[in-house]
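Here are a few short exercises to work through with the structure open beside you. Try each task before reading its solution.

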Amino acid sequence: MTSRFTSTPTRRTVVKAAAATAVVAAPLVAGATAAAADPAAAPAFLHGVASGDPLPDGILLWTRVTPAPDAVPGSGKGQDTEVSWEIAEDKAFARIVAQGRTTATAASDHTVKADVRGLRPATAYWYRFAAGTALSPVGRTLTAPATDAAAANVRFGVVSCSNWESGYFSAYRHLAARSDLDAVLHLGDYIYEYASGAYPEAKYVVRQHEPAHEILNLADYRTRHGKYKTDADLQAMHHAHPVIAIWDDHEFANDAWSGGAENHTPGTEGDWATRVSAAKQAYFEWMPVRPSIAGTTYRRIRYGKLADLHLLDLRSFRSQQASVGSGKVDDPERTITGRAQLDWLKSGLSASNAAWQLVGTSVMISPVAFGALPAELTAPLAELLGLPKEGIAINVDQWDGYTDDRRELLGHLVDNGIKNTVFLTGDIHMAWANDVPVKAGTYPLSKSAGTEFVVTSVTSDNLDEMLHVAPHTVSLVAAAAIKAANRHVKWVDMDSHGYGVLDVDAQRSQMDYYVVSDKRKQDATSSWTRSYRTLNGSQKAERVYSPVV
């Protein structure tokens, strides 16, 4: 195909693609858009490009065009602007395999998506967009293996909890520099909803949110997403790899549930359903994610016969968190998944013929009891783990607060002989490696239904920062107490920020944990710190002493 990006366009065939505001199934045409005809309204690509949700024959492409200087995210300003895209098998775009066009409008905050199909499995592609005379950056992406392919391995970057005000996104930069990843898995809290200076407090803020107030309406959520997408390290990650994302609470408000949130006051902040609708609309506009069942993020992505990746939405359907001392955590009427999603997950696990079942869960499924902790550690650990500050050993915002759903899911794994289930988790700003016991109180005599690898935060505050103490001081006491009371916990790091790299092959799934040197520095370095793996059929996590190369 001849590219309109580098030469005069000619009539050509376009591979079928669906966009956010139109379906592209026609040839590109010559000529500038109306926006480009006015030099004062020349469009620009200020928020980078992204790809996501890889399929064996397709990929979702994303960008945002700024049609005029005042058409900033959330403003509602800016005229309709034609945006063209193309995807090629080489970085020079000599072998273009698909192209199309769509229109960026204020109705979608001038974001556009192209759901490109007809591609080859397990193949790297390069893509870009154009509007008028403006060209976007070039992104690289990768399709998934064929559904029945015997893939040798799959490797994911794994991240969670990126709070703008807490520091710089150097973890993203280090993932962008890797050439060995199939995708980056973002497990939630991609943005944070707080007002500036609310978390962390103002004197610890590294850089300020936009808008400065807590985000509540559609314009606010769009503005916050837009601010995030100006970060150079975040853009670099999206330019280098497809991203597979799920949401957690901060894409909405802290400790969200189906009918409200801890950080939402209906009397002064409006109707919760209206706020959620705005947050979800902005999320799907600004993220390279296909809306799934019931407009949520639970869906399944397959990597040949090697792995099925089951992605959960643990905010849209959950019951309200149990109150302190209510005794309701075991109530079978309460749910974290909702009935339909839990049935979908169970049936998908049973039907899968993949060697590994990877479950993306935004909050930790492994049970946690505190045991005897020094009093000064109870409150900050409770805040990080979602526990009542009185120290009751129930993590009410995670699966510990919804034990009937957990019992049903783990029982399903055991009763159906489902092996090699690995839960991949974020949320709590710490790194963990756990077995997932069927009965925590009698472990290790009882069975382990799977394993869990939890990644720490990109920037969000950890235990040291909440206590304002040096790393590896009080956290060592807390970690030792948690491990003593929870024999299924193999390791916990409460001090670091960084990311994980999960490598899966026929013999094992291994998580390599990496830490960044200082989240407050833009040029922070990265180093490997620990690795744990699960051998095929073992259902146990064990330490290994070098990362996968």
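**Exercise 1.** Which residues does S170 touch, not counting residues up to four places away in sequence? Then decide whether S170 is buried or exposed.

*Solution.* Keep in mind that this is a predicted model. Start by finding S170 in helix 2, which covers residues 170–176. Next, look for its contacts beyond the sequence neighbours: D233, V516, Q522 and A524. Finally, take its relative accessibility of 1%; buried means under 20%, so S170 counts as buried.

**Exercise 2.** Trace the open sheet of seven strands and find which strands stand at its edges.

*Solution.* Read off the strand order first: 16-17-18-19-21-20-22, with mixed pairing. The edges are strand 16 (299–303) and strand 22 (489–493); each has a single partner strand, so one side of each lacks a neighbour in the sheet. On average, neighbouring strands are turned by 20 degrees against each other, direction ignored. Now zoom in on strand 22, which pairs with strand 20 (residues 431–437) in the antiparallel sense over four bridges. Here A433 has W491 as its bridge partner. To finish, add helix 9 (residues 403–415), which packs on the sheet and touches strands 19, 20 and 21.

**Exercise 3.** What lines the largest cavity, and which strand gives the most to the lining?

*Solution.* The whole structure holds one cavity of 30 Å³ or more, and the volume of the largest cavity is about 40 Å³. Its lining includes A431, W491, D493 and Y513. By type, the lining residues are seven nonpolar, three polar and one charged. Strand 24 (508–516) gives the most, with three residues.

Notes:
Residues numbered from 1 in each chain as written. Predicted model: local features only at pLDDT ≥ 70, side-chain atom pairs only at ≥ 80, totals over all residues. Heavy atoms only, no water. Helix = DSSP H or I, 4+ residues; strand = E, 2+ residues; numbered from the N terminus. Buried < 20%, exposed > 50% of the residue type's maximum accessible area, 1.4 Å probe, protein only. Contact = heavy atoms within 4.5 Å. Pairing = 2+ DSSP bridges. Axes fitted to C-alpha atoms, helices over the stretch in contact; angles between N-to-C directions. 1 Å grid on protein atoms, 1.4 Å probe; cavity = no way out; pocket = protein on both sides within 12 Å on 5 of 7 lines; lining within 4 Å. Points joined across faces, edges and corners; volume = space filled by probe spheres on them. Nonpolar A, V, L, I, M, F, W, Y, C, P; charged D, E, K, R; others polar.
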